[in-house]
Amino acid sequence: MTQWFRFTALNVGLLIICGIELLSIVNFFVLPNGVIYDTFCKLPPKSTQGSKKVMIVPINQEQLYSDDETWILFLNNLHDVNAKQILFSFFPPRASEQFYARASEFKNVIFGRQKQLPITSLNVQIAHQPRSGAPGFVPIPDFVHKYTLKIAPYDLPVNQYGIHRFAHAFFLHNEAKKHIEPNFILAAAQMRDEAPQTIDSQFAINFIATAGALPNISFESILSGNIVSELFQDRTLLVGFGKSSDSPGFQTPVHTGSRTLSLVEYNGFALDTLIENRIIQWPGRYAILLIVSGIVIGCLFVFPLFSDTLFFICAGLFYLFTVIGSFLLLRYALVWLPIMEIMAAETAVFMFVFGRKYVSKNKFAREVMLNKSTQLKDRFFPDGFYASQAYWAKVVNMVNQTLNLERVIFLEKVPDDHRVREIIALNTSIENIQERRRDYERTPYSTAIGENRPIEVTSFFKGVGEEDVQYLVPLSYAGQVQGFWAFVISSRNMLEVNYMLSIIRNFAVEIGELLYKREQWLAEKKKKQNLFRKLLAVETRDDLYHEVNAVISMLVRRLSTLDHLLNALESPIILYDIFGQVTHVNHAMNKLLNQMKVAPFKMSALDLAIRLTGHNAEEMRDKLSQVMLSHIRLNLPVTLSDAPHAYRLSIHPLVGEDETLLQDDQAYPFNIHGMLFEMTDLTETKDLSLLKSDVFERSNVQLKHGVESITNACVLLEDEGTENKDQILTELLTQKDKMISFMDELSGYMDKEIMFDGQQLFPVMPLKQITDALALIKEDLEKKKITIDLAEEHFLDMALAVPSDLKTLCKAMLFILLEDAFNDTTIHITAANENGTMCYTLFNTGYGMPNEDFQRHLTSKQISDTTPYQQIYQFYPKLEHWKAHLSGSSEVGKGIIFMLKLQKFH
């Protein structure tokens with residue numbers, strides 16, 4: 001078997017050759033070859049010249065039975081005009097011995113003996129047998145043997161599916177002695193010394209070399225003697241029965257329909273073909289075998305070298321050249337190629353080569369796709385929830401990451417049953433289930449299904465604390481139970497139990513939907529893999545396009561994820577290839593460049609770097625060359641007056657490491673995939689720096705006042721006339737302690753890394769946070785034509801807060817006031833110092849709401865509530881940490897007021 005595959009081309013070629021030969025043996029190609037041959041014979045150019053050496057003398061039945069005197073006169077008149085030959089295709093029935101004696105004198109008369117056909121249905125030799133000569137031919141009159149006459153046999157034309165193309169050249173005259181006697185037309189050609197040297201037993205008549213009909217003369221004209229001798233010079237006259245009205249005649253490649261030939265005309269064309277030596281050469285079986293073998297072997301070794309496109313082009317040209325070549329050879333070389341055998345061999349080879357290439361490519365592509373698919377899945381795509389066998393582990397992992405539950409057990413519905421079974425546990429074991437009932441049509445499962453929410457149960461778990469609470473919630477979707485979720489909420493979380501139950505209910509709905517859709521997905525997958533369905537759809541195996549589609553889908557998901565990841569980054573990023581052309585821009589960079597009125601795709605890497613950093617072209621080229629050659633990372637300050645934030649530009653090369661990821665049609669000079677321009681937002685760092693600067697400035701003022709107080713006290717103490725020196729000394733010491741305390745507190749704040757710890761309090765200027773928040777809602781304010789009344793002179797003091805959180809809180813309060821305010825009104829913001837506490841008041845003139853509803857909004861715990869009220873609610877624990885307080889009220893028709901109290905910094 002291995003040897004077979006090693007010599008596939010030779011083995012297949014041998015099979016094709018043997019197959020063509022077998023079809024030739026059973027005459028499979030005779031009909032189509034004949035049709036094509038006849039078509040070629042009818043195509044132009046057509047011959048316009050007649051035969052120069054053959055003439056037909058057609059006679060009828062009455063003329064056949066003419067008397068002896070008439071036939072002798074016929075011979076004498078033809079002899080007088082020097083006719084080259086006279087061929088009788090019959091023996092005149094009423095001719096006497098005198099006629100044959102006269103014919104023998106001329107030495108140029110030939111008589112033809114037609115082969116007799118059997119007349120019985122059983123194809124049995126009839127009783128009447130000729131008295132002499134070969135059996136099966138017309139008998140020779142007895143007295144003919146007395147004279148030296150040329151007598152030769154002939155037969156009806158060879159019939160191929162109703163079309164006659166060939167004539168007999170010779171016959172087996174005496175089977176015992178194997179004596180071969182030529183046909184009477186071949187005998188005539190030999191008598192003229194114009195017969196071919198070699199000839200097969202049958203030869204193809206040339207119907208295309210002469211006009212459609214042969215020259216002919218009537219029997220009566222010859223008898224009358226009114227004939228011109230020049231007309232008969234070097235001509236052979238063929239005498240025979242003409243076409244009668246009741247005879248269908250013989251159809252040839254060029255004579256069909258009503259234009260059929262009589263037997264004498266057919267023999268005339270055969271004689272003309274022999275005399276003019278214009279026989280059309282039909283190759284024999286061995287020649288056909290040789291031609292087919294050469295074509296098959298040549299095509300098998302040449303066509304596999306071609307590409308697909310060139311393969312089809314050459315295949316089409318091969319067919320075209322075969323047809324045109326066969327036509328030209330037939331017309332101009334009188335050689336007929338076995339066109340159907342050739343085209344059959346070509347087709348078989350083409351089908352094999354194409355099929356082989358298709359199967360090989362399909363196999364290779366399938367292996368590549370499967371390997372790449374497996375590699376991609378292993379590297380980038382973990383098993384999805386639906387396809388994973390450990391789907392319950394994924395559910396438990398999700399619950400463990402997001403919910404603080406004491407114990408968890410999941411129960412799954414048994415397929416096609418109303419029972420459940422325990423599947424997986426978290427922070428406990430399945431053996432710790434005390435509840436033994438598993439029929440979900442009974443309580444407590446039926447109760448949970450009916451209420452469709454978490455219900456409190458008892459005695460479900462073993463060893464549960466007295467203050468811990470057990471719950472059971474159904475996992476259902478679209479009215480179908482998928483399982484149950486049993487859990488325990490610890491006593492330490494009892495204060496948030498309602499909030500946790502609302503979250504768990506939402507989780508249960510999502511888990512139920514996941515399980516339901518997984519079941520549907522598995523059912524659909526099983527349906528697609530059903531063998532009977534595949535047989536009906538002619539999909540007995542997975543096609544390659546399914547694998548390709550799966551790989552493409554994975555890559556699309558991967559690219560979409562990466563694209564989403566890049567666009568989700570707050571840092572503006574733009575990627576250039578090594579030639580300075582943009583390949584990717586994320587949303588942040590696109591937005592920033594649009595604000596700067598810069599078109600990224602119309603600027604090269606050099607142009608953008610100059611625009612962002614302010615360096616000149618010469619300096620920037622030097623820096624970019626360092627990036628390309630040394631693979632270093634550049635950090636440059638961004639100098640943009642119109643940019644909304646402060647940025648730092650980082651330029652670093654993407655160095656190629658994995659050679660398998662390189663594309664063949666891409667160039668990677670310096671082993672670099674491209675250059676990444678990343679802009680780091682330093683606004684918060686800058687703000688914190690300014691914030692620390694403000695603290696230093698305020699501290700300097702306070703320290704200056706303290707130093708001045710101590711200096712003044714020292715001057716008074718040195719003055720001998722000063723009274724109450726003890727009191728002054730006490731105040732001096734108190735001031736010293738305050739300054740030391742302030743310096744310690746200030747040192748503590750300066751050491752805090754508030755940029756990396758969002759919970760660190762720091763002295764802030766609330767005015768800055770409020771103005772930043774107002775900038776974020778500027779467009780909304782302009783739409784409603786709302787103005788801001790901000791008493792900036794009241795915001796001189798600093799307060800303690802987390803800078804970023806204070807900004808978010810201010811934005812939430814301002815957005816609520818904005819949404820509630822009437823159009824063309826004012827939002828007022830004031831500040832006041834109340835006994836070491838800074839009190840900030842924000843209020844509007846708007847629709848308002850009942851105060852009870854407003855207070856409920858401020859304390860909302862609905863997890864689906866994403867309004868600014870929920871943001872404010874989430875700040876209450878932080879405000880407590882700040883030792884701050886937020887309150888508010890609302891009144892219908894008047895508006896909303898917020899009051900925020902923060903600790904005042906010294």
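This is a short walk through two sheets, a strand trio, a surface patch and some salt bridges in one protein chain.

Hi everyone, thanks for coming. Before we start, please keep in mind that this is a predicted model.

Let's begin with the sheet around strands E11 to E15. Five strands make up this open sheet, in the order E12-E11-E15-E14-E13, and the pairing is antiparallel. At the edges you will find strand E12, residues 420–426, and strand E13, residues 455–457, each of them pairing on one side only. On average, neighbouring strands here are turned by 25 degrees against each other, ignoring direction. Now look at the E13 edge: E13 pairs with strand E14, residues 469–477, in the antiparallel sense over three bridges. If you want a spot to click on, Val 457 has Gln 470 in E14 as its bridge partner.

Which helix packs on this sheet? That is helix H13, residues 391–402, which touches strand E11 (407–413), E12, E14 and strand E15 (480–489). The direction of H13 makes about 150 degrees with that of E11.

Please scroll down the chain to another sheet. This one is also open, with five strands in the order E17-E16-E20-E19-E18 and antiparallel pairing. Strand E17 (582–585) and strand E18 (634–637) each have a single partner strand, so one side of each is left without a neighbour in the sheet. Here the average turn between neighbouring strands is 20 degrees, again with direction ignored.

Let me go through some of the pairings. Strand E16, residues 573–576, pairs with E17 through three bridges in the antiparallel sense, and Tyr 576 stands opposite Val 582 in E17. Over at E18, four bridges join that strand to E19, and the two run antiparallel; Leu 636 stands opposite Leu 649 there. E19 then pairs with E20 over nine bridges, also antiparallel, with Ile 651 opposite Phe 677 in E20.

There is a helix to see here as well. Helix H20, residues 617–630, lies across E18, strand E19 (647–655) and strand E20 (672–681), and runs at about 120 degrees to E20.

Next, a quick stop at strand E27, residues 895–903. Seven bridges join E27 to strand E25 (residues 837–843), and these two run antiparallel. Thr 837 is the residue opposite Gln 903 in that pairing. E27 is also joined to strand E26, residues 885–891, by seven bridges, antiparallel again, and Ser 889 has Ile 897 as its bridge partner. The hairpin of E26 and E27 has three residues between the strands, and in it Gly 893 takes a positive phi near 85 degrees.

Now let's turn to the surface. Leu 310, Ile 313, Leu 317, Leu 320, Phe 321, Ile 324, Leu 328 and Tyr 332 form a nonpolar patch, with about 780 Å² of accessible area together. One of these, Leu 317, sits in helix H11, residues 308–333. Leu 317 has a relative accessible area of 37%, so it is partly exposed.

Finally, salt bridges. How many does the model have? The count comes to 18, and I picked a few to show you.

Take Lys 53 and Glu 194, whose closest N and O atoms are 3.2 Å apart. This pair links distant parts of the chain, 141 residues apart. Lys 53 is in the loop between helix H3 (30–42) and strand E1 (54–59), while Glu 194 is in the loop between helix H7 (184–191) and strand E9 (202–204). Is Lys 53 buried or exposed? Its relative accessible area is 18%, so Lys 53 counts as buried. Glu 194, at 22%, is partly exposed.

For a local pair, try Arg 102 and Glu 105, with closest N and O atoms 2.7 Å apart. Both lie in helix H6 (residues 97–106), three residues apart, which is about one turn of the helix. Arg 102 is partly exposed, at 26% relative accessible area.

The last pair is Arg 278 and Asp 272, which meet in a salt bridge at 3.1 Å, N to O. Both of these residues are buried. And there is a network to show you too: salt bridges with shared partners join Lys 53, Arg 192, Glu 194 and Asp 234.

That's my tour, and I'm happy to take questions.

Definitions and conventions
Residues numbered from 1 in each chain as written. Predicted model: local features only at pLDDT ≥ 70, side-chain atom pairs only at ≥ 80, totals over all residues. Heavy atoms only, no water. Pairing = 2+ DSSP bridges. Axes fitted to C-alpha atoms, helices over the stretch in contact; angles between N-to-C directions. Contact = heavy atoms within 4.5 Å. Patch = residues over 30% accessible without salt bridge, like charges linked within 9 Å, V, L, I, M, F, W, Y side chains within 5 Å. Areas by Shrake-Rupley, 256 points an atom, 1.4 Å probe, with all protein chains shown as cover. Salt bridge = Lys/Arg side-chain N within 4 Å of Asp/Glu carboxyl O. Buried < 20%, exposed > 50% of the residue type's maximum accessible area, 1.4 Å probe, protein only.
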